[in-house]
Amino acid sequence: MTISRRNVLLGGAASAALLPLAKPARAQVKEVVIGVIYPLSGASAQIGVDAQKAFETAADIINKDYDFALPMAKGEGFTGLGGAKVRLVFADHQADPQKGRAEAERLITQEKVSAIVGTYQSAVAVTVSQICERYQIPFLSADNSSPSLHRRGLKYYFRAAPHDEMFSTAMFDFFDALKKKGQKIETLALFHEDTIFGTDSANAQLKLAADRGYKIVADIKYRANSPSLTAEVQQLKAANADVLMPSSYTTDGILLIKTMGELGYKAKNIVAQDAGFSEKALYDAVGDKIPGVISRGSFSLDLAAKRPMVGKINDMFKEKSGKDFNDYSSRQFMGLIVMADAINRAKSTDGEKIREALVATDMPGESTIMPWAKVKFDELGQNNNADPVLLQYNGGKFVTIFPPQAAVADAIWPMP
Amino acid sequence: MDSFTQRRRRDLILAAALAAIAACVPLFVKDVYVQNIMVLTLMYAALSQAWNILGGYCGQISLGHALYFGLGAYTTALLFTKFGVLPWFGMLGGGIISALIALALGYPTFRLRGHYFVIATIVIAEIGFLLFHNWDYAGAALGIDIPVRGDSWAKFQFTRSKLPFYYFALVFCCVAWFITWWLEDSKWGFWWRAVKDNPDAAESLGVVVFNSKMGAAAVSAFLTAIGGAFYAQFVSYIDPESVMTFQFSLLMALPAVLGGIGTLWGPVLGAVILIPMTELTRSFIGGSGRGVDLILYGAVIVVISLARPDGLIGLFSRRPASKGVPQ
């Protein structure tokens, strides 16, 4: 072969075409590092410690071969990255937005994480996601439920789980369904604490009540961790609404139920915004006083009957933590799986490529452990197909009563 | 030249040398995480210096400085997000508002003595916290998210670089130190120390006790609010929980108390030891979730306060720290 100009060009073109094939071999990834930012000390340390177990369970499923219909379960590690293993780096934000920010920056610059998952407190998610945006590292809100988070229009922000407005919408859908069956539900009483969680929740409920024609007869905001709720409960008693809707953390929830007992007020029905009302501690303390209480949730172990893997994964988590999956730990577990699945499809640890893969996510609900229709993010990074469930506490355990496709029993209404 | 003047000259030279060294540190330290710790250390040193003016020199222990810090942060953030006012003006405005509020609060509370004043500061700061917590215009519990759109000195926001914040914090710290140094030898400085030691005796010698307390409160609040405005820009998100809680008031007093209350170098020394320690222990052993970092932190504070009740500054003075301020 003579060295003609054409041959040189051809050879050049051929090697150029081969280059992309050669690249992955050079950039062989041994492990994928993911940062996990939670409160590991301070008032909400227990949440963080449970979260660690949930994330470790997910990492275990990613790194070993399991026969579940869950993304990342089959095969060891990231099949898209030559079997690279996931390594989690935990950081403690102590519920302080400034510390969360510093930890996110440390994870990105020192630990070289490819993605970050967090954070329980919504205020910390604000700063952590800001830092991720600046470094172009994807951030997934596993269990933050403040709707303001995804509305900031960040490019690297994603949330697979429902936000508070979706949760409240499910409650009003439930009321509408009951009304159709001939139940009388006209008046509502809101009772909410004054941090982001309670504020957002009440705002959503006020709006929904106005849209759908329910009358709010009491809207009571109280100071979180209040030493006494007597005055507030007296107002609730006077209003005696058809449904009492508390948005309270555990200690406030317990105090509410105790004070109601002391003042002789028995609510006709209670439909609670999760938080304290999905915590075991509350039911251990005052569960006998509120049979038939309903709480929203994003997870239900009843799913195990339809999807056996839910029970098996729950057993794995229980072995580590001594607890069943609850509303938070299930979302945390699923958060890491969704992120890992995107990294696997991106076949890269580059932030921008992972972001593109997250945008392209379309995971059917059956291959998650959640009651969701599917995981698919809208342009703001929110998954609008994450259907919440309503659970009723009855005979010492929770039963799914709504929506119909997830329900295993009819609601007992009014409360016994 | 008496020994007091000599000491003051030595202090000034030492401060200039330390500031020059601090200004060169970023040339060698490129890691943003470490830079972040340095920024926080300087910020707390300055805040604690501001607290020290009222709490240390004038002897009016305040556990409500989070109120002034929060006012500075909120003034800047609100003016910027609602009216587009550059943070530099917000910073100044916040400082002035805080100083005025300190005067308004001082008017009734400085007539209280001892523990009652401390309690009043805690209660007033808590009221401020609750007001902001429920004030919808200021974001209530949701706080204020300051949008960051690229690097700009005018808007005082930088996406990744910590250096501008570092140098601002350094200047802030130097200014707070210098003001304290300058006041120490002024009429005010002598009045404050007299008020601290014995208000009745001071009054009998012609010191206007009430006015001198008011002056200390105004200077202290002004500087604290500048720190708050800086914090809002640095973190670019504020909410009542993170800038106005009681815990924050303690964090401002702690470096001064630990380093040496009522001394020029105490707050700086305290901050240099405390802040890196909290940050490093949290980052490198806090991930276990067992609280070891907080146990260590608490243990160090207990050991220091047992071994050096006058503060760490006692390690550096030849004479006992209690006699540190001469005639």
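This is a conversation about a predicted model, with a visitor asking why things are called what they are.

Guide: Two ground rules before we start: residues are numbered from 1 along each chain as its sequence is written, and chains are lettered from A and ligands numbered from 1 in the order in which they are written. Since the model is predicted, local features need pLDDT of at least 70 and side-chain atom pairs count only at pLDDT 80 or more, while totals for chains, interfaces and linings use all residues.

Visitor: What makes chain B as compact as a globular protein of its length?

Guide: The yardstick is the globule rule, 2.2 Å times the number of residues to the power 0.38, set against a radius of gyration taken over C-alpha atoms. For 327 residues the rule gives 20 Å, and the radius of gyration of chain B is 20 Å, so chain B is as compact as a globular protein of that length. Along its principal axes, the C-alpha trace spans about 55 × 45 × 40 Å.

Visitor: Which helices and strands does chain B have?

Guide: Chain B has 13 helices and two strands. Those are DSSP runs numbered from the N terminus: helices are H or I with at least four residues, strands are E with at least two.

Visitor: Why are H11(B) and H12(B) called roughly perpendicular?

Guide: Two packed helices are described by the angle between their axes and the distance between the axes. Here the axes are lines fitted to C-alpha atoms, over the stretch in contact, and angles run from 0 to 180 degrees between N-to-C directions. Helix H11 (residues 246–259) and helix H12 (residues 266–285) of chain B cross at roughly 110 degrees, with axes that come within 7 Å. Angles of 65 to 115 degrees count as roughly perpendicular, under 35 as roughly parallel, over 145 as roughly antiparallel and the rest as oblique. That makes H11(B) roughly perpendicular to H12(B).

Visitor: What makes H3(B) and H5(B) roughly parallel, then?

Guide: Helix H3 (residues 66–83) and helix H5 (residues 115–134) of chain B pack at an angle of about 30 degrees, their axes 8 Å apart. That earns them the label roughly parallel. In H3(B), Ala66(B), Leu67(B), Gly70(B) and Tyr74(B) meet Ile124(B), Ala125(B), Gly128(B) and Phe132(B) in H5(B). By class, this contact has six nonpolar, two polar and no charged residues. Ala, Val, Leu, Ile, Met, Phe, Trp, Tyr, Cys and Pro count as nonpolar, Asp, Glu, Lys and Arg as charged, and the others, Gly among them, as polar.

Visitor: How do you know whether Ser283(B) is buried or exposed?

Guide: Count C-beta atoms, placed from the backbone: 20 or more others within 10 Å means buried, 12 or fewer means exposed, and in between is partly exposed. Ser283(B) has 20 C-beta neighbours inside 10 Å, so Ser283(B) counts as buried. Across chain B, 50% of the 327 residues count as buried.

Visitor: What is Ser283(B) in contact with, beyond its neighbours within four places in sequence?

Guide: Ala91(A), Glu103(A) and Arg106(A). Contact means that the C-beta atoms of two residues, placed from the backbone, lie within 7 Å. Ser283(B) itself is found in helix H12 of chain B.

Visitor: How many residues of the two chains are in contact?

Guide: 31 residues of chain A are in contact with 28 residues of chain B. On chain A's side, the largest share, eight residues, comes from H3(A). By class, that side divides into 10 nonpolar, 12 polar and nine charged residues.
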